[in-house]
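Reader: Could we go through this protein together? I am new to reading structures and would like to begin with the overall picture.

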Amino acid sequence: MIRRDFLKVAGVSAMAMAAQGNLPLLARKPRGVSYSGLYTEAFDSRFVSPNAIAPVNGYLPKFTPVGDGSMQRAFRANYTLVRQYGQTKELVSNNFDCGSLTLSFDGIQSRSEEVRHKRDEMDNTVKTVVETRWPLHTAASWTLESSVVGVPEVHYTEQGRWDGQRMLVKGRSFSLERETSGPLIDRWSLLPLLASGKIKQQDLKFDLLDESTLRPNQTLRYMGEVTIPVAGGETSLDCYVQSGWGIVPTHYLVDPQGRVQLITMATVNWALMDLS
């Protein structure tokens, strides 16, 4: 499937999800969760807690937060992909483990390998390598490889670079240039920024590099503390929300040590499994 066809299908799916109330901005309040933090009239309540955990509230009772490792220096992290397939009448999400994400960051280079298992379909793997620049870990250049497991002929590679004003992406049969409106930051390079705690004091405004796609005019802000149910009890995490052009609201739940424990994005969500 070429990218423009994928975007058409994704757009139709998003509208259907919104109509059903499955997107975070339309989801209803789940039970068993409490919040405290920075709520003012300036915030749009559709984009904040309790919707942060609505997509994974069926998974949380078996989730154990990772207690070792740090994202404030070079790290390697493994996440599991938690899919949401609708909700029960009691507003509990139907969650299933459907893939994995391996991330590594050494302060300069960010690497990721994502595997998505699809029901009755072929598995897809996406690998990225992003060279970043201080202080915001902006993307200087990157390579993306996408393939279908077991089907070697279904494979493509894209390469890109950013000069501070424009991003250029090249594939086997195309070249695309786009102007940017702010710092260009890869999705997974946001994790060390969240770990640093700097975004608690000041909103981050940026353009998102989503694989090789530009998502401009993004804002990442701190929304306060959220207490959520987990295996064996409850835990309190800092809640950050990202909103902007071309994405569903994305929530990052971060523990006091800066470990990004959960990332929720409606039907696609990530839970930290181990960190070193």
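**Overall picture and core**

Author: The protein has 276 residues, of which 48% count as buried. Please bear in mind that the model is predicted.

Reader: How many helices and strands does the protein have?

Author: There are three helices and 16 strands.

Reader: And how much surface does the protein expose?

Author: The exposed area is about 13900 Å², and carbon and sulfur atoms supply 50% of it.

Reader: Let us turn inside. How many residues are in the largest nonpolar core, and which have the most contacts inside it?

Author: That core has 34 residues, and Met71 and Tyr79 have the most contacts inside it. The elements giving two or more residues to it include strand S2 (75-87), strand S3 (93-105) and helix H2 (190-196). H2 provides the largest share, five residues.

Reader: What does Met71 touch, apart from its neighbours within four places in sequence?

Author: Among its contacts are Ala77, Tyr79, Leu191, Pro192, Ala195 and Leu272. Another core, of 15 residues, lies apart from the largest one; Tyr59, Ile228, Leu237 and Leu253 are among its members.

Reader: A change of topic: is Gln261 buried or exposed?

Author: Gln261, which is found in strand S15, counts as buried because its relative accessibility is 0%, and the cut-off for buried is under 20%.

Reader: Which side chain does the side chain of Gln261 join in a polar contact?

Author: The partner is the side chain of Asp255, in a polar contact of 2.9 Å. Leaving out residues up to four places away in sequence, Gln261 also touches Phe63, Tyr79, Leu237 and Trp270, among others.

Terms used
Residues numbered from 1 in each chain as written. Predicted model: local features only at pLDDT ≥ 70, side-chain atom pairs only at ≥ 80, totals over all residues. Heavy atoms only, no water. Core = buried A, V, L, I, M, F, W, Y, C linked by side-chain atoms within 4.5 Å. Buried < 20%, exposed > 50% of the residue type's maximum accessible area, 1.4 Å probe, protein only. Helix = DSSP H or I, 4+ residues; strand = E, 2+ residues; numbered from the N terminus. Contact = heavy atoms within 4.5 Å. Polar contact = N/O pair within 3.5 Å; in protein donor to acceptor, adjacent residues only side chain to side chain. Areas by Shrake-Rupley, 256 points an atom, 1.4 Å probe, with all protein chains shown as cover.
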